[in-house]
Amino acid sequence: MAEPALALKGLAKSFGALKVTNGVDLSIAPGELHALIGPNGAGKTTLVHQISGTLKPDAGAILFGGQDITRLSPQARARAGLARTFQITSTIPSLSALENVALGVQAHSAHPLSLFRDAASDEALNTPAWEALEAVGLAERAHAPAGSLSHGEKRALEIAMALTLQPKLILLDEPLAGVGHEEGERLIGLLNSLKGRFAMLLVEHDMSAVFALADRVTVLVYGGVIASGAPAAVRADPAVRQAYLGEEG
Ligand SMILES: Nc1ncnc2c1ncn2[C@@H]1O[C@H](COP(=O)(O)OP(=O)(O)OP(=O)(O)O)[C@@H](O)[C@H]1O
């Protein structure tokens with residue numbers, strides 16, 4: 001069997017007496033889109049922070065393509081191909097979409113010290129930047145300042161920036177939050193078009209998006225996994241229905 005793209009083994013994190021991640025086991029196959037759902041405060045974002053490396057677990061291990069990355073810095077994880085998009089927009093508003101992506105390419109290139117040396121005019125940066133913009137459907141907006149893009153376009157731009165890492169896995173933290181219905185549909189189409197190229201862990205409250213996209217779903221409640229599996233099985237699980245009672249109707 002292929003090595004999982006990502007495997008969490010007994011991951012634990014407490015804030016004081018609060019066990020926010022309570023011995024989480026999770027496995028994502030290469031190319032799989034895995035959704036992580038759960039009620040507010042279940043610990044989803046805390047789990048994503050531990051996977052990306054901005055928060056240290058108290059116990060447990062994180063394996064990325066079989067390699068133990070539990071103690072690696074976020075930068076080293078990104079270089080290994082673990083990309084993430086942020087709930088808070090991380091682009092530079094005054095620079096064009098193309099310049100933002102080209103800067104991302106430059107930051108991860110062999111010569112990052114040349115940062116800001118007119119990133120968008122350098123062909124070695126430009127070609128992958130254009131490819132990433134095309135992959136997310138933003139090529140026509142390449143020269144628009146990132147700050148002028150719509151909410152959904154900004155999310156697509158962040159995904160383009162993640163693509164320049166040539167990722168093996170992308171962590172998507174609520175990509176649909178604050179995005180209107182029409183743009184949401186476009187983003188779901190975009191994520192669908194990227195499926196299979198790399199693994200994705202999607203944290204999302206929009207259940208129609210989750211069930212439209214996910215190969216497998218894991219449900220987190222009070223920091224613990226209560227169900228994990230194929231979408232239909234998870235949806236029918238009595239413990240999951242109980243956890244969502246009143247939220248999903
Ligand atoms: N730095 C911190 N210090 C103390 N408690 C924290 C900290 N970060 C998160 N928590 C608590 O941990 C719990 C889980 O929070 P987390 O943001 O991971 O949940 P979530 O599932 O992502 O929620 P949401 O769906 O609302 O984003 C919450 O009770 C939160 O208040």
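# A guided tour of a two-domain model

Begin by colouring the two domains: the assignment for this protein places residues 1-81, 168-188 and 195-249 in domain 1, and residues 90-166 in domain 2. The structure on the screen is a predicted model. Between the centres of domain 1 and domain 2, taken over C-alpha atoms, there are 26 Å.

**The whole protein**

Display the chain as a cartoon. The protein contains nine helices and 10 strands. Of its 249 residues, 41% are buried. Among contacts with a separation of 6 or more, 68% are between residues 24 or more positions apart.

**Where the domains touch**

Next, look at the boundary between the two colours. Here 10 residues of domain 1 are in contact with nine residues of domain 2. Select helices α2 (74-79) and α6 (181-194): each supplies at least two residues to the side of domain 1 that touches domain 2. Which of the elements gives the largest share of that side? The answer is α6, with three residues. Colour this side of domain 1 by residue class, and five nonpolar, two polar and three charged residues appear.

**The largest nonpolar core**

Now show side chains and select V101, A160, L169 and L202. Within the largest nonpolar core, which has 68 residues, these four touch the most other members. Add helix α5 (residues 151-163), which gives the most to this core, namely seven residues. Why does this core lie between domain 1 and domain 2? It does so because both domains give residues to it.

Keep V101 selected and show its surroundings. Leaving aside residues up to four places away in sequence, V101 touches A129, A132, L133, A160, M161 and T164. A160 therefore deserves a second look: it is among the residues that touch the most other core members, and it is one of those that V101 touches.

**Parallel strands**

Select strand β7 (residues 169-173). Is β7 largely enclosed or not by the rest of the structure? Five of its five residues are buried, so β7 is largely enclosed. On one side of β7 are L169, L171 and D173, on the other I170 and L172, and both faces are covered.

Then add strand β6 (residues 82-85), whose two faces are covered as well. L82 and R84 are on one side of β6, A83 and T85 are on the other, and all of them are buried. β6 and β7 pair in the parallel sense over four bridges. To see one of the pairs, select R84 together with L171, its bridge partner in β7.

Continue to strand β8 (residues 199-203), which runs parallel to β7 and is joined to it by five bridges. Here L172 stands opposite L202 in β8. L202 has already appeared on this tour, as one of the core residues that touch the most other members.

**Two unusual residues in loops**

Follow the chain to the loop between α5 and β7, where Q166 is found. Q166 is not a glycine, yet its phi is positive, at about 45°. Q166 counts as partly exposed because 13 C-beta neighbours lie inside 10 Å.

Move on to the loop between β7 and α6 and select E174. E174 is also a residue other than glycine with a positive phi, near 50°. With 19 C-beta neighbours inside 10 Å, E174 counts as partly exposed. A residue needs 20 or more such neighbours to be buried.

**The antiparallel sheet**

Turn to the open sheet of four strands, which has the order β2-β1-β4-β5 and antiparallel pairing. Its edge strands are β2 and β5 (67-68), each of which pairs on one side only. Strand β1 (residues 6-15) and β2 pair over eight bridges in the antiparallel sense. Select F15 and, in β2, its bridge partner L18.

**The ligand shell**

Finish at the ligand. Which residues surround the ligand? They are F15, L18, V20, G38, N40, G41, A42, G43, K44, T45 and T46. Two elements, β2 (18-28) and α1 (44-52), give two or more residues to this shell. The largest share, three residues, comes from α1. Coloured by class, the shell has four nonpolar, six polar and one charged residues. F15 and L18, the bridge partners from the sheet, are thus found again around the ligand.

Technical notes. Residues numbered from 1 in each chain as written. Predicted model: local features only at pLDDT ≥ 70, side-chain atom pairs only at ≥ 80, totals over all residues. Buried ≥ 20, exposed ≤ 12 C-beta atoms within 10 Å, placed from the backbone. Pairing = 2+ DSSP bridges. Domains from an automatic or database assignment. Contact = placed C-beta atoms within 7 Å. Nonpolar A, V, L, I, M, F, W, Y, C, P; charged D, E, K, R; others polar. Core = buried A, V, L, I, M, F, W, Y, C linked by C-beta atoms within 7 Å. Near = placed C-beta within 6 Å.
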